[in-house]
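Here is a short briefing on one structure. It covers the ligand shell, a helix pair, a loop residue and the nonpolar cores.

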Amino acid sequence: MAFRLTTAGESHGPALVAIVEGLPAGLTVEKAAIDADLRRRQQGYGRSPRQQIEQDEVEVLAGLRHGRTLGTPLALLVRNRDHANWAWGMSPWPPEGDPSGKGTRQVTLPRPGHADLAGALKYGLSDVRDALERASARHTAVIVAAGAVVKALLGEIGVAVTGNVLTEDLEQRVDEARADRDTVGGIVEVRAQGVPPGLGSYASKEERLDARLAATLMGTQAVKGAEIGEGLALADKRGSEAHDEILRGERGLYRETNRAGGIEAGVSNGEEIVVRAAMKPLPTLMRPLASVDLQTGEPAEALVERSDTAAVEALAVVAEACVAWELARAAHEKFGGDALGDFVAAHHAYLERIDWQPRTR
Ligand SMILES: Cc1cc2nc3c(=O)[nH]c(=O)nc-3n(C[C@H](O)[C@H](O)[C@H](O)COP(=O)(O)O)c2cc1C
């Protein structure tokens with residue numbers, strides 16, 4: 001069965017949901033590991049007080065028995081505790097009783113840089129909230145939950161994925177921006193060790209691993225650039241300085257350099273996978289930018305709503321989950337297996353055939 005991840009959920013709705021399809025049967029999934037990643041996503045310097053309301057925790061509704069996958073769709077759920085404050089405003093059904101709590105007034109002041117204007121126009125919305133609730137990155141919580149599950153699968157074949165922030169002086173930049181009622185972005189990097197050569201394919205655009213990793217990163221809120229290996233910097237180099245020479249040592253073929261970030265021609269080459277994503281400064285500003293009231297047509301200031309000053313550290317966790325998902329999907333395409341043992345055995349047999357062992361740098 002093909003790997004597929006479907007998510008649903010609004011920022012202040014009752015809950016976020018992910019359905020993960022394609023996992024082999026017999027994979028041990030630990031609630032503590034998923035919850036630990038959910039907590040990592042909530043932490044980080046510059047996040048809004050909402051993170052104190054939400055204590056994200058995964059619930060599993062289907063696909064798991066006694067902590068092991070059944071080979072059937074896995075249904076993950078993370079509740080929005082904040083929904084209690086939005087019960088009327090974000091009620092899935094026509095709300096009963098007098099308006100109370102948050103989200104009761106229509107939003108008509110679109111924020112530059114957010115989904116507000118484009119979403120309202122595209123879907124014919126009079127209340128911008130109908131656009132911003134789903135566009136919000138809140139639902140990356142269930143992407144992180146799904147990522148934690150597939151990291152367990154990757155662990156079975158010795159692949160480890162880690163996301164980190166590259167931006168220097170992040171805390172100082174956040175403090176300065178917050179004092180000015182402004183926001184900041186930053187750069188994150190994800191590295192994957194132990195990825196064997198041969199994941200992805202040059203046969204078509206859709207199969208290229210570099211394209212898939214770029215798409216999953218660019219598909220994440222606020223990411224405006226993605227690069228593989230030395231990426232944009234390669235454009236200024238000569239060929240002799242840009243590529244990774246192929247050497248033969250005691251443990252087989254290897255490279256001294258990894259400018260390609262572990263991918264050549266859309267296929268993993270056995271070196272560490274290295275990808276980076278650039279996050280723009282978050283669009284909700286406490287000192288709002290100019291906008292237009294969609295109801296009156298008059299110039300106005302954009303919506304001000306509780307918001308992060310920065311979410312770069314959270315993005316590192318989300319990007320790690322996204323990269324893990326794509327690598328697991330590509331690994332499962334290559335090794336197949338309805339049962340975990342089949343997947344692991346195919347990986348083992350392949351490594352024997354190509355005589356490859358993971359290298360630690
Ligand atoms: C983990 C994470 C947290 C975010 N938190 C906020 C936030 O608190 N306020 C905000 O305005 N944007 C936040 N964003 C970014 C917006 O969701 C994003 O800018 C918006 O949906 C428009 O999409 P675009 O930036 O991809 O064009 C966050 C993004 C991520 C990845």
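Ala, Val, Leu, Ile, Met, Phe, Trp, Tyr, Cys and Pro count as nonpolar, Asp, Glu, Lys and Arg as charged, and the others, Gly among them, as polar. This is a predicted model: local features need pLDDT of at least 70, side-chain atom pairs count only at pLDDT 80 or more, and totals for chains, interfaces and linings use all residues. Residues are numbered from 1 along each chain as its sequence is written.

**Ligand shell**
- The shell residues divide into 10 nonpolar, eight polar and two charged.
- Of the 20 residues around the ligand (C-beta atom, placed from the backbone, within 6 Å of it), Ala137, Gln221, Thr284, Asp308 and Ala311 come nearest.
- Helix H9 (residues 312-335) gives the most to this shell, with three residues. Helices are DSSP runs of H or I, at least four residues, numbered from the N terminus.

**Loop residue**
- Glu30 sits in the loop between strand S2 (15-21; strands are E runs of at least two residues) and H1.
- Glu30 and Arg68 are 38 residues apart in sequence and 8.8 Å apart in space, C-alpha to C-alpha.

**Nonpolar cores**
- A nonpolar core is a set of buried Ala, Val, Leu, Ile, Met, Phe, Trp, Tyr and Cys residues joined through C-beta atoms within 7 Å. Buried means 20 or more other C-beta atoms within 10 Å of the residue's own, with C-beta atoms placed from the backbone.
- The largest core has 75 residues; among those that touch the most other members are Leu315, Val323 and Leu327.
- H9 gives the most to this core, with 17 residues.
- A second, separate core of nine residues includes Leu109, Val128, Ala131 and Leu132.

Technical notes
A residue is buried if 20 or more other C-beta atoms lie within 10 Å of its own, exposed if 12 or fewer, and partly exposed in between; C-beta atoms are placed from the backbone.
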